[in-house]
Amino acid sequence: MKAIALTRFGTPETLEELEMPIPALTDTQVLVEMHASSINPADSLLRSGAILQSPMAEKFQVPLPLVLGYDVAGVVKQVGAKVRHFKPGDRVMGIVPMGSYMDYVAVEEDHLAVIPESLSFEEAGAAPAVALTAWQALFEHGRLQQGQRILIQAGAGGVGHAAVQLAKQHGAYVIATARDDNHDLVKGLGADEVIDYTKVDFAAQIAKPVDIVLDTAMNPSTFGTGALGEIGEKNYSVIKDAGTYVSVVAFAGQFPQVRDIEAHFFEAKPNRADFEAIVRHMRENKLNIHVEEVYSFSAQGLFQAYRKSEGQPKRGKIVITKSRM
């Protein structure tokens, strides 16, 4: 089968098309023919080698060649002996711990959900990692309640734009940061206020403290250092006493213990129940994943996709699909 793998760390041109064997299944896994996948920030950080200099480096000590990609949407071709919720022919989406840029992927049963015919593979391939992260950030870690005020950093990004929609659907007052050219998108997703963090001090624009800050904005100057940096310090300044700070980017976050603020970093944990809830929201048009660009499942397509994803403006998701081949 075809796979597109990282052969050395560096620019997107280090990705190459290779022939690899179809993965063998364990009893609890499902073999999915990949129709679409996408790019997430961790893919870029790993591809460039930047993540290997961070406190998370031990998690990524893997031999080359390495297949990148977390998200997968496609069709079930085979199931393991103990799989009970899926059968060949099912349309599914989910998360692969590492390696979705290939024709067939082996996925744990609990890391998948069936998707309806009304949901395209492209949107489903864009959704799993960002929607799951937003869902767990808001409802598991942030414990968001109706009527609360929340600041969502990078509201036009992958996790951010999903979180804006979910928070608004849940009855929150949503403030988001975004570049000026993304304001219409973020307001259209339901944000009550949008602040251009490149032009003004976002903290000074927030008149009333928020209950929760969801930080999805990577700060290159403090990545991997453990320091909050200027953005993190300003995030703290707008949270009310006993509020909550949830970060999905501060990998080595050293959160100060002040004003009874509960602060933590987390990584999303795939599970079928959360994925099924996300699929319901997507089916009911309560959550729409913005697909900014679609590229072919090829080495050239991935070169172009990574270049696009690492530029500005960042908006929604960049998708890789077989339908463009």
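Select helix 3 first: its 14 residues reach 18 Å from the first C-alpha to the last, close to the 20 Å expected at 1.5 Å a residue. The model on screen is predicted.

**Stop 1: helix 3**

Colour helix 3 by burial. Of its 14 residues, 12 are buried, so the helix is largely enclosed by the rest of the structure. To see them, pick P128, A129, V130, A131, L132, T133, A134, W135, Q136, A137, L138 and H141. Then step past the end of the helix to R143, which follows helix 3 and has a positive phi, near 50°.

**Stop 2: helix 3 against helix 4**

Keep helix 3 on display and add helix 4, residues 158-169. Two packed helices are described by the angle between their axes and the distance between the axes. Here the angle is about 50° and the axes of helix 3 and helix 4 lie 8 Å apart. Angles from 35 to 65 degrees fall outside the parallel and perpendicular classes, and helix 3 and helix 4 are therefore oblique to each other. Their crossing is right-handed.

Which residues make this contact? On the side of helix 3, select V130, A131, T133, A134, W135, L138 and F139. On the side of helix 4, select G158, V159, A162, A163, L166 and A167. Sorted by class, the contact of helix 3 with helix 4 has 11 nonpolar residues, 2 polar ones and no charged ones.

**Stop 3: the loop before helix 4**

Go to A154, in the loop between strand 9 (149-152) and helix 4. A154 is not a glycine, yet its phi is positive, at about 60°. Is A154 buried or partly exposed? With a relative accessible area of 23%, A154 is partly exposed, since the cut-off for buried is under 20%.

**Stop 4: helix 8**

Next select residues 272-283, which form helix 8. At 1.5 Å a residue these 12 residues should span 16 Å, and the end C-alpha atoms are 16 Å apart, which agrees. Buried residues in helix 8 are R272, D274, F275, A277, I278, V279, H281 and M282. Show what they pack against: strand 6 (91-95), strand 8 (112-114), helix 2 (121-126), helix 3 (128-141) and helix 4 (158-169). The two helices from the second stop are thus in view again, as packing partners of the buried residues of helix 8. After helix 8 comes N285, with a positive phi near 60°.

**Stop 5: E109**

R272 of helix 8 leads to the next selection, because E109 touches R272 as one of its contacts within 4.5 Å. E109 is found in the loop between strand 7 (104-108) and strand 8. With a relative accessible area of 13%, E109 is buried. Leaving out residues up to four places away in sequence, E109 also touches T28, Q29, V30, K82, V83, R84, H85 and F86. For a distance check, draw a line from E109 to R91: they are 18 residues apart in sequence and 13 Å apart in space, C-alpha to C-alpha.

**Stop 6: R259**

Move to R259, in the loop between strand 13 (239-247) and strand 14 (262-265). R259 is not a glycine, but its phi is positive, about 50°. At 35% relative accessibility, R259 counts as partly exposed. Beyond its neighbours within four places in sequence, R259 is in contact with Y236, S237, I239, K240, D241 and A242. How far apart are R259 and V105 in space? From C-alpha to C-alpha they are 46 Å apart, with their positions 154 residues apart in sequence.

**Stop 7: H183**

Select helix 5, residues 183-189, and pick H183 in it. H183 is buried, with a relative accessible area of 12%. Its contacts, not counting residues up to four places away in sequence, are A178, V194, I195 and D196.

**Stop 8: helix 9**

End at helix 9, residues 299-309, where A299, G301, L302, F303, A305, Y306 and S309 are buried. Turn on the elements that cover these residues, including strand 1 (2-6), strand 2 (15-19), helix 1 (41-48), strand 15 (291-296) and strand 16 (317-321).

Definitions and conventions
Residues are numbered from 1 along each chain as its sequence is written. This is a predicted model: local features need pLDDT of at least 70, side-chain atom pairs count only at pLDDT 80 or more; totals for chains, interfaces and linings use all residues. Side-chain values use heavy atoms; hydrogens and water are left out. Helices (H or I, at least four residues) and strands (E, at least two) are DSSP runs, numbered from the N terminus. The expected span of a helix is 1.5 Å times one less than its number of residues. Buried means under 20% relative accessible area, exposed over 50%, partly exposed in between (1.4 Å probe, protein chains only). Axes are lines fitted to C-alpha atoms, for helices over the stretch in contact, and angles run from 0 to 180 degrees between N-to-C directions. Angles under 35 degrees count as roughly parallel, over 145 as roughly antiparallel, 65 to 115 as roughly perpendicular and the rest as oblique. A crossing is left-handed if the near helix is turned anticlockwise from the far one by less than a right angle, and right-handed if clockwise. Ala, Val, Leu, Ile, Met, Phe, Trp, Tyr, Cys and Pro count as nonpolar, Asp, Glu, Lys and Arg as charged, and the others, Gly among them, as polar.
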